[in-house]
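Here is my note for a colleague who is coming to this model for the first time. Please keep the view open while reading the points.

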Amino acid sequence: MPSLNYMQKMMRSLFRNTLVLASVLSIVYGYGQTVPEWENPEIFQVNREYPHATFYRHTSEKAALQSEAYEGSPLYQSLEGKWKFSWVKKPSDRPQYFYRDDYDVSQWDDITIAFEFPIGRHGDIIPLGYVV
């Protein structure tokens, strides 16, 4: 029968080897994991534009100084108003060549854009304006 001292040495050796193996496996397993960026707490910005000053063009310096609001410039165009809109479930279903002047959009929905976020019956939409 093995001595008590021998058994204690074997148990320590087994414990140490198990601990080393568990450490190595956790390191190897951890490096193999890829977490989506929206679940990674270390990532808080992706494709972010740097902050910048807002400015509006005027036809001359004199016109800019006389204007009390950016809407006073003839070069300003608001995106608020009625727009034609076509929603699809996936990008591959999008209308082709919709940007052409001769493209028929008569069957598309009319939406009114005002303020910040489009919300409505068209599913998840990128924030561009508010559908009234």
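Is tyrosine 99 buried or exposed? Tyrosine 99 is exposed, because its relative accessible area is 56%. Here buried means under 20% relative accessible area, exposed means over 50%, and partly exposed lies in between (1.4 Å probe, protein chains only).

1. Ground rules. This is a predicted model, in which local features need pLDDT of at least 70 and side-chain atom pairs count only at pLDDT 80 or more, while totals for chains, interfaces and linings use all residues. Residues are numbered from 1 along each chain as its sequence is written, and side-chain values use heavy atoms, with hydrogens and water left out.

2. Overall layout. The protein chain has two helices and three strands. Read from the N terminus, the order is α-α-β-β-β. These elements are DSSP runs, numbered from the N terminus: helices are H or I with at least four residues, strands are E with at least two.

3. Burial and surface. The protein chain has 132 residues, and 8% of them are buried. About 12800 Å² of the protein chain is exposed, with 58% of that supplied by carbon and sulfur atoms. The areas come from the Shrake-Rupley method with a 1.4 Å probe; for residues, only the protein chains shown count as cover.

4. Contacts along the chain. Take the contacts in the protein chain with a separation of 6 or more: 28% of them join residues 24 or more positions apart. A contact means heavy atoms within 4.5 Å.

5. Helix H1 and a nonpolar patch. Helix H1 covers residues 4-32 and includes methionine 10. Methionine 10 counts as partly exposed because its relative accessibility is 43%. Leu4, Tyr6, Met7 and Met10 make a nonpolar surface patch of about 440 Å². Patches take residues with over 30% relative accessible area and no salt bridge; like charges are joined within 9 Å, and nonpolar side chains (Val, Leu, Ile, Met, Phe, Trp, Tyr) within 5 Å.

6. The loop after H1. Glutamate 37 sits in the loop between H1 and helix H2 (61-66). Glutamate 37 is partly exposed, because its relative accessibility is 43%. Setting aside neighbours within four places in sequence, glutamate 37 contacts Ile43 and Val46.

7. Serine 73. This residue belongs to the loop between H2 and strand S1 (81-85). Serine 73 counts as buried because its relative accessible area is 3%. A polar atom of the serine 73 side chain lies 2.5 Å from the backbone oxygen of arginine 57. Not counting residues up to four places away in sequence, serine 73 touches Arg57, His58 and Ser67. The C-alpha atoms of serine 73 and tyrosine 56 are 8.0 Å apart, with their positions 17 residues apart along the chain.

8. The aromatic group. The structure holds three aromatic pairs. In one of them, tyrosine 97 and tyrosine 99 meet edge-to-face, at 6.4 Å centre to centre and 65 degrees between the planes. Rings of Phe, Tyr and Trp (its six-membered ring) pair if their centres lie within 6.5 Å; planes under 30 degrees apart are stacked, over 60 edge-to-face, the rest tilted. Tyr97, Phe98 and Tyr99 form one aromatic cluster.

9. Tyrosine 97 on its own. Tyrosine 97 is in the loop between S1 and strand S2 (109-114). Its relative accessible area is 44%, so tyrosine 97 is partly exposed. Tyrosine 97 is not a glycine, yet has a positive phi of about 60 degrees.

10. Salt bridges. Side chains of opposite charge can pair when their charged atoms come close. A salt bridge here is a side-chain nitrogen of Lys or Arg within 4 Å of a carboxyl oxygen of Asp or Glu. The count comes to two. Lysine 84 bridges to aspartate 110, with the closest N and O atoms 3.1 Å apart. That pair links distant parts of the chain: lysine 84 is in strand S1, aspartate 110 is in strand S2, and they are 26 residues apart. Lysine 84 is partly exposed, because its relative accessible area is 36%.

11. The other bridge. Aspartate 93 and lysine 90 form a salt bridge through their side chains, 3.9 Å from N to O. Aspartate 93 is partly exposed because its relative accessibility is 41%. Lysine 90 is partly exposed because its relative accessibility is 44%.

Notes. A polar contact is a pair of N or O atoms within 3.5 Å; within protein, one must be able to donate a hydrogen and the other to accept it, and residues adjacent in sequence count only if both atoms are side-chain atoms.
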